[in-house]
Amino acid sequence: MNVYDSERMAETLVGYEQTDSPDDADMILLNTCHIREKAAEKIYSELGRYRPLKDANPDLKIGVAGCVAQAEGEEIVRRQPLVDLVVGPQSYHRLPEMETKIQSGARALDFEFPEEDKFEHLAKRPKAKRGPTAFLTVQEGCDKFCAFCVVPYTRGAELSRSAAQVMDEARNLVERGVREITLLGQNVNAYNGHPSGLAGMIWDLAAIDGLDRIRFTTSHPNDMDDALIEAHGSCEKLMPYLHLPVQSGSDRILKAMNRKHTAESYVRVIERLRTARPDLLLSGDFIVGFPGETDEDFEDTLALVREVGYGQAYSFKYSARPGTPAAEKPNFPADLASERLQRLQALLGEQQRATQDAMVGREVSVLFEKPGRQDGQMVGKSEYLHAVHVADSGAEIGDLRPVRIVESGTNSLRGKPI
Ligand code: SAH
Ligand code: SF4
């Protein structure tokens, strides 16, 4: 979602062009993540690195956007007085006015949750040609309040964009060369801007000529309704890949996390999805070392991973976040959390490897996104979101072609054109 927000923020700053190097910049806007402590702390060291740039170019403006800005706005300016602008994730439609303000030498801070919806106030997206894949935010915020998570506090309450707004933006993207759209939301399957929910939105999008692939992320197990499960079986444009976080395989820990589902109910949802779409590739999120997690709880997580079988997954050590209920609980021993994370990642790594190896010999379709490192090589994604490298593909960026997988590497596959 930060990638999407960064695109939209850059579009609001008329009169600027993007540069890859901070040395060339007249404005540096850091978009930040507050989900774990490590990500949040990184921005202070990053900001420190800009000090010499600001000394060399007194006109350089530095801003902080995103969820760290939302959560720690005042602290950012206190710890790093070189910051000119702080803008929360729901206020970035106000960037043009804020930019005018900082050009006059004042500081601009905005991290209130605004009354208005930023999407209603952002200028129309430009018409310039762009790459074949794009993100499109359809839902933001969260009302679920998992005990460990800052999202409900930094992104605010659940809010869905209207179906008409989503259709408009999708059409704009397709006109500009996009063939694959990933619908985004912190709880994307709680989307209610369409009378038939996310499934209804997906079916409407699937009717757009020139849009070939639809994905969505991130979903919550409790919001996987019948229509969405069914769409995985019947909507050809909906890709057979699903990221469905579970966090833990222990019901005791799930309860302490306030997840409002059990390991069993999660597995049942997966079973129904796989009945609808047998080749669905599953991804997930896991947290180890949540306060009070026993050996037995952790074994339950490993057992759930073995039962489900993931094609890939993300796993994290629990990070205590200020203001969340879990942060009040006693700390978990860091060494034990690291050891568990290693064991979990070893198992998930084996499953990822096995899933990739099983692709060898299969025919997939690849949407080509960029040239590879070797001459004549192109790289794209299969329907299962595997990166596929193809030599002498004869394909151009944006082509969707059948490919036979011939080799499975560490994090990608190699294929031959068919
Ligand atoms: N809405 C999604 C997840 C959004 S946050 C869901 O409910 O599943 C993305 C992931 O970051 C979470 O799934 C979780 O695994 C991880 N995460 C969130 N807060 C965390 C914390 N305090 N410590 C460690 N990992 C965390
Ligand atoms: Fe965070 Fe997801 Fe839980 Fe919401 S549902 S509080 S975003 S982990």
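Here are three short exercises, with worked solutions, on a predicted model of a protein chain.

**Exercise 1. The whole chain**

Task: Find out how many helices and strands the chain has, and how its radius of gyration fits the globule rule.

Solution:
- Start with the secondary structure: there are 14 helices and 17 strands in the chain.
- Next, take the radius of gyration, which is 22 Å, close to the 22 Å that the globule rule gives for 418 residues, so the chain is as compact as a globular protein of that length.
- For a picture in three directions, imagine a box along the principal axes: the C-alpha atoms fill roughly 60 × 55 × 45 Å.
- Finally, look at burial: of the 418 residues, 52% are buried.

**Exercise 2. A residue in a strand**

Task: Locate Leu242 and decide whether Leu242 is buried or exposed.

Solution:
- First find the element: Leu242 belongs to strand β10, which covers residues 241-243.
- Now use the cut-off, since buried means under 20% relative accessible area.
- Leu242 has 0% relative accessibility, so Leu242 counts as buried.
- To place a second residue, go to His232: ten residues separate His232 from Leu242 in sequence, and their C-alpha atoms are 9.4 Å apart in space.

**Exercise 3. A charged patch**

Task: Work out where Asp26 lies and which surface patch includes Asp26.

Solution:
- Look along the chain: Asp26 sits in the loop between α1 (2-12) and β1 (27-32).
- Check accessibility: partly exposed lies between 20% and 50%, and Asp26 counts as partly exposed because its relative accessibility is 48%.
- Then look at the surface: Asp26 gathers with Asp20, Asp23, Asp24 and Asp59 in a patch of negative charge.

Note on methods
Residues numbered from 1 in each chain as written. Chains lettered and ligands numbered in written order. Predicted model: local features only at pLDDT ≥ 70, side-chain atom pairs only at ≥ 80, totals over all residues. Heavy atoms only, no water. Patch = residues over 30% accessible without salt bridge, like charges linked within 9 Å, V, L, I, M, F, W, Y side chains within 5 Å. Areas by Shrake-Rupley, 256 points an atom, 1.4 Å probe, with all protein chains shown as cover. Salt bridge = Lys/Arg side-chain N within 4 Å of Asp/Glu carboxyl O. Lys, Arg positive; Asp, Glu negative; His and termini not counted. Charge placed at Lys NZ, Arg CZ, Asp CG, Glu CD. Helix = DSSP H or I, 4+ residues; strand = E, 2+ residues; numbered from the N terminus. Buried < 20%, exposed > 50% of the residue type's maximum accessible area, 1.4 Å probe, protein only. Rg over C-alpha atoms; globule rule 2.2 N^0.38 Å.
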